[in-house]
Amino acid sequence: MTSAPAKSSNPDTQVAIVRDLGRADYLRVWQDMRDFTDRRDTFTRDEIWLVEHPPVYTLGTNDRNEAFDNPGIRS
């Protein structure tokens, strides 16, 4: 994970921290974000988290509880 403050032309402006998390598990990052939010106070700088999650397939709202069988997709 790398992080660097975003640049600002105004020195009085609070800048955000940008974190490049690479590829990471969705649930782990979601929990980390919740923990970060819970620990924040008025002095905590904003953060932008860049992350790629492993691919997932979703069935959406039209799911009929049928088996999703496609030999080209690996689980």
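Q: Contact here means heavy atoms within 4.5 Å. Leaving aside neighbours within four places in sequence, which residues is Glu 47 in contact with in this predicted model?
A: Let's start by placing the residue: Glu 47 lies in strand β3. Once the neighbours within four places in sequence are set aside, the residues in contact with Glu 47 are Ile 17, Arg 19 and Phe 36.

Q: Which residue forms a salt bridge with Glu 47?
A: A salt bridge needs a side-chain nitrogen of Lys or Arg within 4 Å of a carboxyl oxygen of Asp or Glu. Glu 47 can supply the oxygen, and the closest N and O atoms of its pair are 2.7 Å apart. The two partners sit in distant parts of the chain, strands β2 (residues 17–23) and β3, 28 residues apart. The partner in strand β2 is Arg 19.

Q: Is Glu 47 buried or exposed?
A: The cut-off for buried is under 20% relative accessible area. Glu 47 has 19% relative accessibility, so this residue falls under that cut-off. Its class is therefore buried.

Q: Besides Arg 19, which side chain makes a polar contact with the side chain of Glu 47?
A: One polar contact of 2.7 Å joins the side chains of Glu 47 and Arg 19. Another, also given as 2.7 Å, runs from the side chain of Glu 47 to that of Trp 49. Setting Arg 19 aside, the answer is Trp 49.

Q: Is the aromatic pair of Phe 36 and Trp 49 stacked, edge-to-face or tilted?
A: The count comes to 1 aromatic pair. Its ring centres are 5.9 Å apart and the planes stand at 55 degrees. Planes under 30 degrees apart would count as stacked and over 60 as edge-to-face. The angle fits neither class, so the pair is tilted.

Q: How many residues apart are Phe 36 and Trp 49?
A: This pair links distant parts of the chain. Phe 36 belongs to helix α1 (residues 26–39), while Trp 49 belongs to strand β3 (residues 47–52). Their separation is 13 residues.

Q: Of Phe 36 and Trp 49, which counts as buried?
A: Buried requires under 20% relative accessible area. Trp 49, at 21% relative accessibility, counts as partly exposed. At 13%, the residue that counts as buried is Phe 36.

Q: How far apart in space are Met 33 and Trp 49, C-alpha to C-alpha?
A: Met 33 is placed in helix α1 and counts as partly exposed at 39% relative accessibility. In sequence, Met 33 and Trp 49 are 16 residues apart. In space, C-alpha to C-alpha, their distance is 8.9 Å.

Q: What separates Asp 32 and Arg 28 along helix α1?
A: These two residues form a salt bridge, with the closest N and O atoms 3.3 Å apart. Both are partly exposed, Asp 32 at 31% and Arg 28 at 42% relative accessible area. Since they are 4 residues apart in helix α1, the separation is about one helical turn.

Q: Which residue forms a salt bridge with Arg 40?
A: The structure holds 3 salt bridges, and in this one the closest N and O atoms are 2.8 Å apart. Arg 40 counts as partly exposed at 32% relative accessibility. The partner is partly exposed too, with a relative accessible area of 44%. That partner is Asp 46.

Q: Is Phe 43 buried or exposed?
A: Phe 43 is placed in the loop between α1 and β3. Phe 43 and Gln 14 are 29 residues apart in sequence and 10.0 Å apart in space, C-alpha to C-alpha. Exposed means over 50% relative accessible area. Phe 43 has 72% relative accessibility, so the class is exposed.

Q: Which residues make the nonpolar surface patch of about 330 Å²?
A: One member, Tyr 26, is found in helix α1. The full set making this patch is Tyr 26, Leu 27 and Trp 30.

Q: Which pattern does the protein follow along the sequence?
A: To close, here is the overall fold. The secondary structure comes to 1 helix and 3 strands. Read along the sequence, their pattern is β-β-α-β.

Notes:
Residues are numbered from 1 along each chain as its sequence is written. This is a predicted model: local features need pLDDT of at least 70, side-chain atom pairs count only at pLDDT 80 or more; totals for chains, interfaces and linings use all residues. Side-chain values use heavy atoms; hydrogens and water are left out. Helices (H or I, at least four residues) and strands (E, at least two) are DSSP runs, numbered from the N terminus. Rings of Phe, Tyr and Trp (its six-membered ring) pair if their centres lie within 6.5 Å; planes under 30 degrees apart count as stacked, over 60 as edge-to-face and the rest as tilted. Buried means under 20% relative accessible area, exposed over 50%, partly exposed in between (1.4 Å probe, protein chains only). A polar contact is a pair of N or O atoms within 3.5 Å; within protein, one must be able to donate a hydrogen and the other to accept it, and residues adjacent in sequence count only if both atoms are side-chain atoms. Patches are made of residues with over 30% relative accessible area and no salt bridge: like charges are joined within 9 Å, nonpolar side chains (Val, Leu, Ile, Met, Phe, Trp, Tyr) within 5 Å. Accessible areas come from the Shrake-Rupley method with a 1.4 Å probe; for residues, only the protein chains shown count as cover.
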